[in-house]
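User: Could you take me through this model with a few questions and answers?

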Amino acid sequence: MSQHTSRPDVQRSRHHQTPPTLATVADEAGVSRQTVSNALNNPDLLRPETLERVQSVIERLGYSPNRAARQLRSGASHLIGLRFEPAQEGTSNALMDRFLHTLVETASRTGHHVLLFSGNPQDPLDGYEDLLRSTAVDAFVVTDTYAGTPQSGFLQERGAPFVTFGRPWDEPDADHAWIDVDGAHGARIATEHLLEQGHRRIAWLGWEKTSRIGQDRRSGWEAAMRAAGVETAGLGVRLTDNVDAARMAAHALMEDPSITGFVCASDTLGIGVLHACAERRLRPGVDVGVVGFDDSLAAQVTWPGLSSVRQPLEQVAVEIVRILHTVLAHQPLEERGRMLRPTLVVRRSSTRTG
């Protein structure tokens, strides 16, 4: 997914346009969403004091009973909104397929369906407002927190339930729920694996410094190299997530014959290194050790098999649905954030078996 810069002018204009949501009414009144539904559709089910309190909040916030009634006729929309970004050209990243499949499957067990929506790539908030206005979803899953985008604050101000796949990079003390994968750990175990295979001078191919995920993963490579007593000066390269860019960077690094290992921030970059090895008639795993990151389908089918750090995306999806179920039930969360650890899938590109 592409990384976008937040636009304060767009954000400010939206802050005053979106009407209060169902969750806002429930939180203000200190009741559940179903109680708000009953107040609008079945008031006789509520105690007089509860009904009066909910109706007072509805009137004070200017909440539209007619709009709410359309949604709450069946109790809730039973939809979870997720903004879906197109894959970038020239990359092997199709990880959202694994994540989405499990998210949809797990959500269905709680009676929910996932609603995918798109938006203007230049406006990270585009699409959210329309769904909030129509109360079309019960909650959101936000997946691009790494770009420093403002969805979290935007949704919190409106009382809309949500969980993020990605830690709050800009707000380490944020109080919303999140799940993330420890990229530093993944890069560290990848580097340690190559060191165990006998490689000493191990290069890092990563993304630009503005990439939070890229910096996180790079820190794991640096930590492993420091622990091994290896100087990293001149071994780290920043580039775009593109096969050809990685191929050219690998060629430049391999002009130094002491560099025999590559840990990459993505499988896309790892495949680029494999291309350079083929052009130099070097045997992956035997002459040069290569490890990618994400364990994409491309890593599994490319020759001779790309070793890669595998993110537990299925577990991420299950945890997100579990947290959403808790949030929608207005139950307390045991923990706001949770970091999951990836594992290393070893294939022939990094083992001396040739």
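**Salt bridges and a strand**

Analyst: The side chains of D287 and R283 form a salt bridge, at 3.1 Å from N to O; a salt bridge here is a side-chain nitrogen of Lys or Arg within 4 Å of a carboxyl oxygen of Asp or Glu. This is a predicted model, in which local features need pLDDT of at least 70 and side-chain atom pairs count only at pLDDT 80 or more, while totals for chains, interfaces and linings use all residues. Residues are numbered from 1 along each chain as its sequence is written, and side-chain values use heavy atoms, with hydrogens and water left out.

User: Is D216, which meets R167 in a salt bridge, buried or exposed?

Analyst: Buried means under 20% relative accessible area, exposed over 50%, and partly exposed in between, using a 1.4 Å probe and protein chains only. The side chains of D216 and R167 meet at 3.2 Å, N to O. D216 has a relative accessible area of 13%, so D216 is buried.

User: Which residue in β2 is the bridge partner of L79?

Analyst: Strands are DSSP runs of E with at least two residues, numbered from the N terminus, and two strands pair if DSSP finds at least two bridges between them. Strand β1 (residues 79-83) and strand β2 (residues 113-117) run parallel and are joined by 5 bridges. Within this pairing, the partner of L79 is H113.

Notes. Helix = DSSP H or I, 4+ residues; strand = E, 2+ residues; numbered from the N terminus.
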